[in-house]
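Trainee: Please take me closely through one part of this structure, beginning with a single charged side chain and working from there to the elements around it. I would like a connected account that I can follow residue by residue on the screen.

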Amino acid sequence: MKKLLLLLALGLTTLSMNAQDLRNANNSTIGKIESDGTVRNSSNSTVGKIEKDGTIRNANNASIGKIESDGTVRNANNSSIGKIESNGTVRNSSNSTSGKIESDGTVRNSNNATIGYAKGVPVRYAALFFFFDFFKK
């Protein structure tokens, strides 16, 4: 019961968050994720959306992938292209570490160098933005 309440509380926190900036290592804004999962670039143009069920959509609302409940990331062909672990570690399709999203929102690459910041952004959303090519143009 405690686990269920915790999961519900976490879900409500995610739903109620305001738009949060995504920043590069120089602290410049490179994007934004809104409370409904809408992803915007540095020009504030919509580049995609992450649905509550994990479906990842592009700017034209076409499904381009999915993040499953266990953190597995799949592309439009349903092929696994990586995984986001519960501790924030991001792995590629070969199971090699691509990087990590720290609990404070610091984004690090596989060499532990800071590549950005995603304070207040759900770890999975930040990982999709920084480590997978869904929202880059």
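Mentor: Let us start with Lys49, which counts as partly exposed because its relative accessible area is 24%, a value that lies between the 20% under which a residue is called buried and the 50% over which it is called exposed. Please keep in mind throughout that this is a predicted model. Lys49 forms a salt bridge with Asp36, and the closest N and O atoms of the two are 3.9 Å apart. This pair links distant parts of the chain, since Lys49 belongs to strand 4 whereas Asp36 sits in the loop between strand 2 and strand 3, 13 residues away. Asp36 is likewise classed as partly exposed, because its relative accessible area is 41%.

From Lys49 we can step to Thr55, a residue of strand 5. When the neighbours within four places in sequence are set aside, Thr55 is in contact with Lys49, Ile50, Ser63, Gly65 and Lys66. Is Thr55 itself buried or exposed? Thr55 is buried, because its relative accessible area is 9%, and the cut-off for that class is under 20%. The side chain of Thr55 also makes a polar contact, at 2.9 Å, with the side chain of Asp53. One of the contacts of Thr55 deserves a second look: Gly65 is 10 residues from Thr55 in sequence, yet the two C-alpha atoms are 6.1 Å apart in space.

Another of the contacts of Thr55, Lys66, brings us to the pairing of two strands. Strand 6, residues 63-67, and strand 7, residues 72-75, pair in the antiparallel sense over three bridges. Within this pairing, Lys66 stands opposite Arg74 of strand 7. Helix 2, residues 123-131, packs on the sheet and touches each of strands 1 to 12, including strand 6 and strand 7, while its direction makes about 135 degrees with that of strand 10.

To place these strands in the whole, consider how the sheet is arranged. It is a closed barrel of 12 strands that runs 1-2-3-4-5-6-7-8-9-10-11-12, with antiparallel pairing. From one strand to the next, the twist averages 20 degrees. The chain holds two helices along with these 12 strands, and read from the N terminus on, its elements begin with α, continue through the β elements and end with α.

The helix leads us on to the nonpolar interior. The largest nonpolar core has 25 residues, and those with the most contacts inside it are Leu128, Phe131, Phe132, Phe134 and Phe135. Strand 4, strand 6 and helix 2 each supply at least two residues of this core, and helix 2 provides the largest share, seven residues. As a general matter, nonpolar side chains tend to be buried together in soluble globular proteins. For Phe131 the surroundings can be listed: apart from residues up to four places away in sequence, Phe131 touches Val90, Ser98, Gly99, Lys100, Ile101, Val107, Arg108, Asn109 and Ile115.

Two of the residues that Phe131 touches, Gly99 and Lys100, appear again around Thr89, which is found in strand 9. Setting aside neighbours within four places in sequence, Thr89 is in contact with Lys83, Ile84, Thr97, Gly99 and Lys100. Thr89 is buried, because its relative accessible area is 10%.

Arg108, which is also among the residues touched by Phe131, returns us to the charged side chains with which we began. The side chains of Arg108 and Glu102 meet in a salt bridge with an N to O distance of 3.5 Å. Arg108 counts as partly exposed because its relative accessible area is 22%, and Glu102 is placed in that class at 25%. A further salt bridge joins the side chains of Asp21 and Arg23 at 3.2 Å, N to O. Asp21 is classed as partly exposed because its relative accessibility is 26%, and Arg23 is so classed at 25%. The structure holds seven salt bridges, among them the one between Lys49 and Asp36.

Finally, two values describe the chain as a whole. Of its 137 residues, 33% count as buried. Among contacts between residues at least 6 apart in sequence, 31% join residues at least 24 apart.

Methods. Residues numbered from 1 in each chain as written. Predicted model: local features only at pLDDT ≥ 70, side-chain atom pairs only at ≥ 80, totals over all residues. Heavy atoms only, no water. Pairing = 2+ DSSP bridges. Helix = DSSP H or I, 4+ residues; strand = E, 2+ residues; numbered from the N terminus. Axes fitted to C-alpha atoms, helices over the stretch in contact; angles between N-to-C directions. Contact = heavy atoms within 4.5 Å. Core = buried A, V, L, I, M, F, W, Y, C linked by side-chain atoms within 4.5 Å. Buried < 20%, exposed > 50% of the residue type's maximum accessible area, 1.4 Å probe, protein only. Polar contact = N/O pair within 3.5 Å; in protein donor to acceptor, adjacent residues only side chain to side chain. Salt bridge = Lys/Arg side-chain N within 4 Å of Asp/Glu carboxyl O.
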